[in-house]
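Hi there,

Here is the structure I promised to pass on to you. Have a look at it first, and then read my notes below with the model open beside you.

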Amino acid sequence: MQAALDIINAYGWDFLTGTWLTIQLVVISGILGLVIAVPVALARLSENRLVHGIATAYSLFFRGTPLLVQIFLIYFGLGQFDFVRDSVLWPFLREAYVCALITFSLNTAAYSGEILRGGILAVPRGEVEAARASGMSTFTTYRLVILPRAFSIVLPAYSNEVIILMKGTALASTITLLELMGMSQLAASATYQPILVFGIAGVIYYLLTLAISWLFRTLERRYNRYLAVAR
Amino acid sequence: MQNLIDYFPLLMQGLKITLLLAVSTVAVGLVLGLALAMAKMSRHGWLSRPAFAVTNFLRGIPEFLVLLVIYYGGSQVLNDVLGISVDVSPFLAGLVALSLVFGSYASETFRGAFQSVPKGQVEAGRAYGFTAWQCFRLIQLPQIWKVAIPGLGNLWQGTVKDTALVSVIGLDDLMRKSNQAAQSTREPFNFYLFAALIFLAITLVSMVILARLEKRASRGVRRS
């Protein structure tokens, strides 16, 4: 117990800044991923074969390969090409932080896109027909009826995806980022107390998981109130 | 391209280790998952409560963290207990860590599957004089696969991808071999893309096999 307190005393601040970076990675890539997921889901449902094909290939690639490979592909891989190194974006693409955000966003967008596709398919047909019958354009129907309904349907499934994303951010430590996992690795090798240090990190990660599921349960209660009344 | 051909045999050696680790993980993980599922369904609180706590915790923290705890922590424990300096092999650490994660998720899949078998069937079995073990083996076990296989299939796909993590602690798998090739040829994109495509191929082949297994496991059920 005393040893654990000593570690918290010496590395408490590091754990906090690491956790803060982890939260940043989750929130930013979660939002970016959701923004990308909407067109991915729509493209997956498109009747245009080219659009459908591209979206399917994208989704298959990011869901069928390890996240670690994807991070390395973007962080180490992009630098292989001269046109990337010469481009104006290189100062950004060289940054581990930016590469991690890009990878996590693209990865979570592939998974959320599939979840959202299922949600769009689950919107009752009658509601879409009613929207069209009252004169809404296709765009308005999506904006006001289909997408809001789909989001509320997928909320529980999406909360699992956010937890998976949060656990995935631990891999950012492999490309030098000092988020919670990176900080713990430093502390573990400095103190020779891997079990204690990683144990503390595990508790923090678990608390984050609990916080995410609590957040989504609250969101669900707020946005799916109309369902509770119908039931 | 020439580099890719030169390094191909090395990468295939790595692939062998990757597949070996994934298959052993599933073998150990399935047994662990079944045991944890039984513990969770136990009437005894001292058995079910720790099982729920441990699996919930393991499912709520990064797989990478579990791996590092087992790898570095395992060595620490061995050093403290045995008093000699030994390192846990990356393969063993990977096997233990990934099996723990697989077992935690699988226990939930199994628990759901067991609950899908009507209680009356087991009662009928007991009434005919089956022992509890016979009921489990002859009545419940054959029927849970039908429900469990889709879930277990997803877990297998996750495990294959998680093996890449073990390269970080030095396992000579496909990922690490690709790292080495990427560094010595200075063609990281090509080699990581190649590794990604191999993983994708494993995913696609698994999907086909799993669809067949699922069909076979549900052959006793009439499709409407």
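**What I found**

Let's begin at one particular spot: Tyr192(A) sits in the loop between α9 (180–191) and α10 of chain A. Its phi is near 55°, which is a positive value in a residue other than glycine. Is Tyr192(A) buried or exposed? Tyr192(A) is exposed, because just 11 other C-beta atoms lie within 10 Å, and the cut-off for exposed is 12 or fewer.

Chain B offers a similar stop. Arg186(B) is not a glycine, yet it has a positive phi of about 60°. You will find Arg186(B) in the loop between α7 and α8 of chain B. With 10 other C-beta atoms within 10 Å, Arg186(B) is exposed.

One thing to keep in mind as you look around: this is a predicted model.

**The two chains**

Chain A has 11 helices and 0 strands. Chain B has 8 helices and 0 strands. The C-alpha trace of chain A spans about 70 × 55 × 25 Å along its principal axes, and for chain B the spans are about 70 × 55 × 25 Å.

How much of each chain is buried? In chain A, buried residues make up 36% of the 231 residues. In chain B, 39% of the 224 residues count as buried.

You can also ask how far along the sequence the contacts reach. Taking contacts in chain A between residues at least 6 apart in sequence, 76% join residues at least 24 apart. For chain B, residues 24 or more positions apart account for 75% of the contacts with a separation of 6 or more.

**Where the chains touch**

The contact between the chains takes 27 residues from chain A and 28 residues from chain B. On the chain B side, the elements that give two or more residues are α2 (45–60), α3 (63–82), α7 (174–185) and α8 (188–217). The largest share of that side comes from α8(B), with 9 residues. Sorted by class, the side of chain B that touches chain A has 21 nonpolar, 4 polar and 3 charged residues.

A good residue to click on here is Phe72(A), which lies in helix α3 of chain A. Phe72(A) is buried, because 28 other C-beta atoms lie within 10 Å and the cut-off for buried is 20 or more. Not counting residues up to four places away in sequence, Phe72(A) touches Gly77(A) and, across in the other chain, Tyr192(B). If you want to practise with the distance tool, try Phe72(A) and Val26(A): they are 46 residues apart in sequence and 19 Å apart in space, C-alpha to C-alpha.

**Two helices to compare**

Helix α8 of chain A covers residues 138–168. It has 31 residues, but its end C-alpha atoms are only 36 Å apart, short of the 45 Å that a straight helix would reach at 1.5 Å a residue. Where does α8(A) bend? It bends by about 60° at Leu155(A), and a proline, Pro156(A), follows within four residues. The buried residues of α8(A) include Ile153(A), Val154(A), Tyr158(A) and Val162(A). Those buried residues pack against α1 (2–44), α3 (67–77), α6 (96–121) and α10 (194–223) of chain A, together with α3 of chain B.

Now turn to α4(B). At 1.5 Å a residue, its 26 residues should span 38 Å, and its end C-alpha atoms are 37 Å apart, which agrees. This helix is mostly covered: 20 of its 26 residues are buried.

**The nonpolar core**

In soluble globular proteins, nonpolar side chains tend to be buried together. In this model, the largest nonpolar core has 110 residues. Among the residues with the most contacts inside it are Leu68(A), Val69(A) and Ile71(A) from chain A, and Leu65(B), Leu67(B) and Ala195(B) from chain B. Helix α4 of chain B, residues 90–115, gives the largest share of this core, 12 residues.

To see one of these neighbourhoods, pick Leu67(B). Leaving aside its neighbours within four places in sequence, Leu67(B) is in contact with Ala93(B), Gly94(B), Ala97(B), Leu165(B), Val166(B) and Ile169(B).

Enjoy exploring, and write back with any questions!

Best wishes

Methods
Residues are numbered from 1 along each chain as its sequence is written. Chains are lettered from A and ligands numbered from 1 in the order in which they are written. This is a predicted model: local features need pLDDT of at least 70, side-chain atom pairs count only at pLDDT 80 or more; totals for chains, interfaces and linings use all residues. Two residues are in contact if their C-beta atoms, placed from the backbone, lie within 7 Å. Ala, Val, Leu, Ile, Met, Phe, Trp, Tyr, Cys and Pro count as nonpolar, Asp, Glu, Lys and Arg as charged, and the others, Gly among them, as polar. The expected span of a helix is 1.5 Å times one less than its number of residues. The bend at a residue is the angle between axes fitted to the seven residues ending there and the seven starting there. A nonpolar core is a set of buried Ala, Val, Leu, Ile, Met, Phe, Trp, Tyr and Cys residues joined through C-beta atoms within 7 Å.
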